[in-house]
Amino acid sequence: MSIERLGYLGFAVKDVPAWDYFLTQNVGLMAAGAAGDAALYRADQRAWRIAVQPGELDDLAYAGLEVDDAAALERMADKLRQAGVAFTRGDEALMQQRKVMGLLCLQDPFGLPLEIYYGPAETFDQPFLPSAPVSGFVTGDQGIGHFVRCVPDTAKAMAFYTEVLGFVLSDIIDIQMGPEMSVPAHFLHCNGRHHTIALAAFPIPKRIHHFMLQANTIDDVGYAFDRLDAAGRITSLLGRHTNDHTISFYADTPSPMIEVEFGWGPRTVDSSWTVVRHNRTAMWGHKSVRGQR
């Protein structure tokens, strides 16, 4: 039994209006009202995919990990108990806020709140209408993109995410952080998406390095690049990754040291996949332009 997909991301941020403009006018998500003090945003037929609430954290506040039904949720509860991982069940108020039918609340080994849930709300009667030119986002069975988790102990994090939550290693990239510093990043999948979570001991004081959204077309990527370039947010130029072959760029969010990756065209994993190791993140491009544009 394992997690099936990444369902949603919740951020606690110092500047909610800046995030609202960023997610709608720059990224192209659809504003979808509020739940409590959190503003909600859509990327597809789901009632929401990203939530933004006020808070001093300026970071990822929680991540929603989806399973298919109530029986799968109970199997995950059994697995957590067997592994000695503490969890609570979300009450009715939290289920209504998250718009799900059931959820378990826990933390990963380094304090990131995780919510394992089933039964999300869908809104096919209210079609997704992007707030900026984008034809749509790739979600479905692959969930809403990925995030890169910054952890002090990759081995401990790997044990939790693979042995307890059921993620599977896709590959490793040794990322050069300086002339004498290389950080291995472990990329994990739970469905056909090459990675839903990546784990790395990046020396930054944040829970995540970035989150990624996958657009339907390469033109969506180009238009988004132009919008974020005009906004002065580009941190790396277009490039293609060595491991999943995504063509993408990176940009700053309104929260310092957290970026968004906007991409298209990754390859998927299947039963024939072989774990490999890379020593570069990009085949070409992804030149850093932080502070230069």
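Strand S1 and strand S5 (residues 59-66) are joined by 7 bridges and run antiparallel, where strands are DSSP runs of type E with at least two residues, numbered from the N terminus, and two strands are taken to pair if DSSP finds at least two bridges between them. The model is a predicted one, in which local features need pLDDT of at least 70 and side-chain atom pairs count only at pLDDT 80 or more, whereas totals for chains, interfaces and linings use all residues. Residues are numbered from 1 along each chain as its sequence is written, and side-chain values use heavy atoms, with hydrogens and water left out.

Within the pairing of S1 with S5, Arg 5 has Glu 66 of S5 as its bridge partner. Strand S1 also pairs with strand S4 (residues 50-54), in the parallel sense and over 5 bridges, and here Val 13 stands opposite Pro 54 of S4. Strand S1, which spans residues 5-13, is mostly covered, since 9 of its 9 residues are buried, a term that means under 20% relative accessible area, with exposed meaning over 50% and partly exposed what lies in between (1.4 Å probe, protein chains only). These strands belong to an open sheet of 8 strands with mixed pairing, in the order S2-S3-S4-S1-S5-S8-S7-S6. Its edge strands are S2 (30-35) and S6 (88-89), each of which pairs on one side only. Elsewhere in this sheet, strand S7 (residues 102-107) pairs with strand S8 (residues 113-118) in the antiparallel sense over 6 bridges, and Cys 105 has Glu 115 of S8 as its bridge partner. Helix H1 (residues 16-27) lies across S1, S2, S3 (38-42) and S4, and runs at about 160° to S4; helices are DSSP runs of type H or I with at least four residues, and such angles, from 0 to 180 degrees, are taken between the N-to-C directions of axes fitted to C-alpha atoms, for helices over the stretch in contact.

A further open sheet is formed by 10 strands in the order S17-S10-S11-S12-S9-S13-S16-S15-S14-S18, again with mixed pairing. Strand S17 (276-278) and strand S18 (282-285) stand at its edges with a single partner strand each, so one side of each is left without a neighbour in the sheet. From one strand to the next, the twist averages 25°. Strand S10 pairs with S11 in the antiparallel sense over 9 bridges, and a hairpin joins the two through 2 residues; in this pairing Ile 175 stands opposite Val 183 of S11. Strand S10 also pairs with S17, in the parallel sense over 3 bridges, with Ile 173 opposite His 278.

Helix H4 (residues 154-164) lies across S9 (146-150), S10 (168-178), S11 (181-189) and S12 (197-200), running at about 155° to S12. His 186 has its place in strand S11 and counts as buried at 14% relative accessibility. Leaving aside neighbours within four places in sequence, His 186 is in contact (heavy atoms within 4.5 Å) with several residues, among them Thr 154, Met 158, Leu 169 and Ile 197.

Strand S13 (residues 208-214) and strand S16 (residues 259-264) pair in the parallel sense over 5 bridges, and Leu 213 has Phe 262 of S16 as its bridge partner. Helix H5 (residues 218-230) packs on the sheet, touching S14 (234-241), S15 (247-252) and S16, and its direction makes about 25° with that of S15. Trp 284, found in strand S18, counts as partly exposed at 43% relative accessibility.
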